[in-house]
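Reader: I work at the bench and would like to learn how to read a structural model feature by feature. Could we go through one together, with the general idea before each case?

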Amino acid sequence: MMLAFDLDRDDAPQQRGPGPADGPGCFGEAADYRAQRILYAARDWIGEQDGITTDGRSLILLHAQRTPPERREALVRCFERVILHAPRPELAALSASLRQAGLSVDEDLSIMGAPAGEVRAAVQGLSRFRTFPPGLRLSRVSPDDDDASIRAIQELQAEGGHAPLPGWYLRGGEGRSLTLALRDAAGALIGCTTLCVVTRPQPAEIGGREALAQLGLLGAPPLWISDVGEAPSWTAMPICTCLREDHRGRGLGAPLQAAALREGHDRFGIRWFYALVRAGDEIAKRMNARCGLAPHRAEGFLVASAVPSEKPRRPADGRRGSG
C-alpha cells in the first residue's frame with residue numbers, strides 16, 4: 001500500500017513563519033513543518049476515512065488494532081507522525097509490530113478522560129474559586145486573525161515544548177478545533193489553549209445528522225445510529241495549553257483549559273473529553289484533574305514516527321508550558 005498527496009509548493013523553503021490566512025500556516029522545525037503540510041494537503045481525504053482524524057500536526061488513528069499492519073505502516077510513512085489509539089491490552093503487540101517495521105515508537109503516554117457532564121460540573125466549580133486576575137482578557141481565535149497573531153501563538157507553543165499547531169488549525173481547522181488566546185491589558189499574548197474535535201457528525205450542509213465513519217472511543221456512546229435515534233456523539237481533547245514563562249506557576253493553566261472545555265461543550269455539543277499527558281507529568285495531571293478528567297486505564301495511545309525524533313514532543317500539556 002502506498003499513499004501520496006500533492007503538496008502545494010513542495011519545493012518551497014522550510015520556514016518558521018505562518019503562511020497566509022487562507023493557507024496551511026505551517027510553523028516549526030523541519031519535521032513539524034513537513035508533517036503539517038502533508039496533513040493539510042490530505043485533510044479532505046482524512047475526513048472521508050473510517051477511524052482517522054487529525055489534530056493538525058499528527059494523524060490520529062482510532063482503534064488501530066483493527067487496521068492491517070501494512071496499512072498502519074503506510075500511514076506512518078506517509079504522514080510521518082501518527083498517534084495510534086487501541087485498548088490497553090493491545091498496545092504491546094501494536095508497539096512490537098510498529099518497531100518490527102522499523103518505525104520509532106513513543107509509549108510514554110497516559111490518558112485522562114470523563115463524560116461532558118462531569119467535566120462541566122468541575123469547570124463550573126473551578127470558575128467559582130479560580131478566575132483570571134483583573135486586566136487579563138480571553139478571546140477566541142477566528143479565521144480572520146492576522147498572521148502576526150497566529151505566529152505569536154505558535155511561538156508560545158514552541159517555547160512551551162509543544163509541537164506547534166499550523167495556522168489553519170488554530171483558525172478553526174474547518175470545524176475541527178477552537179483556540180483561545182489569553183492577553184494582558186496591553187494586548188500581549190500570555191497564554192493559549194486549543195480544543196481538538198476527534199469524532200464528530202457531518203456538518204449539516206453535507207448530510208445533516210449523518211455521522212462520520214469515525215468510531216467513538218474511550219467509553220463514549222456510539223455516533224449517530226439512525227434506526228434508534230441516538231444523538232450524534234462528539235469527542236474532543238484539549239491540546240497545547242501553555243503560558244508565557246513569566247505567568248507560569250500562578251494557577252492560570254486550569255482556568256484557561258477549563259474555558260476551552262466549556263466553550264467546546266457549548267459550541268460543539270461535546271459529550272466526552274480526554275487528554276494525553278506524559279507519564280509522570282504531575283503538573284499536567286493535576287491541571288486536568290481540576291477540569292474533571294480522571295485516569296482512564298482501559299485504552300491507550302502510542303506515537304509512531306517514520307524518523308527518530310531529536311527530542312520528546314508533547315501531545316499534551318507538559319511541565320514547562322502549563323501553569
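Author: Let us begin with the accessible surface, bearing in mind that this is a predicted model. The accessible surface of the chain comes to about 13700 Å², and carbon and sulfur atoms account for 49% of that area.

Reader: What share of the residues in the chain is buried?

Author: Of the 323 residues in the chain, 54% are buried, and a residue is given that label when its relative accessible area is under 20%. The secondary structure of this chain comes to nine helices and twelve strands. If one takes the contacts between residues at least 6 apart in sequence, 73% of them join residues at least 24 apart.

Reader: How should I read a single helix, and which residues of α4 are buried?

Author: One asks which residues are buried and where they sit around the axis. In helix α4, which runs over residues 91-100, the buried residues are L91, L94, S95 and L98. They lie on the same side of α4 because the arc they cover around the axis is only 100°. On the face turned away from that buried side, α4 carries the exposed residues A92, A93 and Q100.

Reader: What covers the buried residues of α4?

Author: The cover includes helix α3 (69-79) together with the strands β3, β4 (104-106) and β12 (299-305). Just after α4, G102 takes a positive phi of about 85°.

Reader: Which residues are buried in α8, and how does the span of that helix compare with what is expected?

Author: Helix α8 covers residues 253-268, and its 16 residues reach 22 Å from the first C-alpha to the last, close to the 22 Å expected at 1.5 Å a residue. The buried residues of α8 include G253, A254, P255 and L256 towards its beginning, and also L261, G264 and F268. Just after α8, G269 takes a positive phi of about 70°.

Reader: Why would a positive phi deserve a remark?

Author: The general idea is that most residues other than glycine have a negative phi. In this structure, H63 has a phi near 50°, a positive value in a residue other than glycine. H63 is placed in the loop between β2 (59-61) and α3, and it counts as buried because its relative accessibility is 10%. C240 likewise has a positive phi, of about 55°, although it is not a glycine, and its place is in strand β9, residues 235-243.

Reader: How many disulfides does a search of the whole structure find?

Author: As a general idea, a disulfide is a covalent bond between the sulfur atoms of two cysteines. A search of the whole structure finds zero of them here. For C240, the closest cysteine sulfur is that of C242, and the two are too far apart for a bond because 6.1 Å lies between them, whereas a disulfide requires sulfur atoms within 2.5 Å. C240 counts as buried because its relative accessibility is 0%, and C78 also counts as buried, at 12%.

Reader: Where does an arginine such as R81 sit, and is it buried or exposed?

Author: For a side chain of this kind, it helps to take the setting and then the partners. R81 belongs to strand β3, residues 81-87, and it counts as buried because its relative accessibility is 14%. Its side chain makes a polar contact with the side chain of D32 at 3.0 Å, and the side chain of R81 also reaches the backbone oxygen of R57 at 3.3 Å. Leaving aside neighbours within four places in sequence, R81 is in contact with residues including A31, L59, V76, A163 and V303.

Reader: With which side chain does R43 make a polar contact?

Author: The side chain of R43 makes that contact with the side chain of E174, at 3.1 Å. R43 is placed in helix α2, residues 43-47, and is buried, with a relative accessible area of 17%. Beyond its neighbours within four places in sequence, R43 is in contact with W168, E174 and R176.

Reader: Where is L293 found, and which residues does it contact?

Author: L293 is found in the loop between α9 (282-290) and β11 (294-295), and it is buried, with a relative accessible area of 3%. The C-alpha atoms of L293 and V119 are separated by 6.6 Å, although the two residues are 174 residues apart along the chain. Leaving aside neighbours within four places in sequence, the contacts of L293 include M112, V119, L261, F273, Y274 and N288.

Key. Residues numbered from 1 in each chain as written. Predicted model: local features only at pLDDT ≥ 70, side-chain atom pairs only at ≥ 80, totals over all residues. Heavy atoms only, no water. Helix = DSSP H or I, 4+ residues; strand = E, 2+ residues; numbered from the N terminus. Buried < 20%, exposed > 50% of the residue type's maximum accessible area, 1.4 Å probe, protein only. Polar contact = N/O pair within 3.5 Å; in protein donor to acceptor, adjacent residues only side chain to side chain. Contact = heavy atoms within 4.5 Å. Arc of directions from axis to C-beta. Areas by Shrake-Rupley, 256 points an atom, 1.4 Å probe, with all protein chains shown as cover. Expected span 1.5 Å × (residues − 1).
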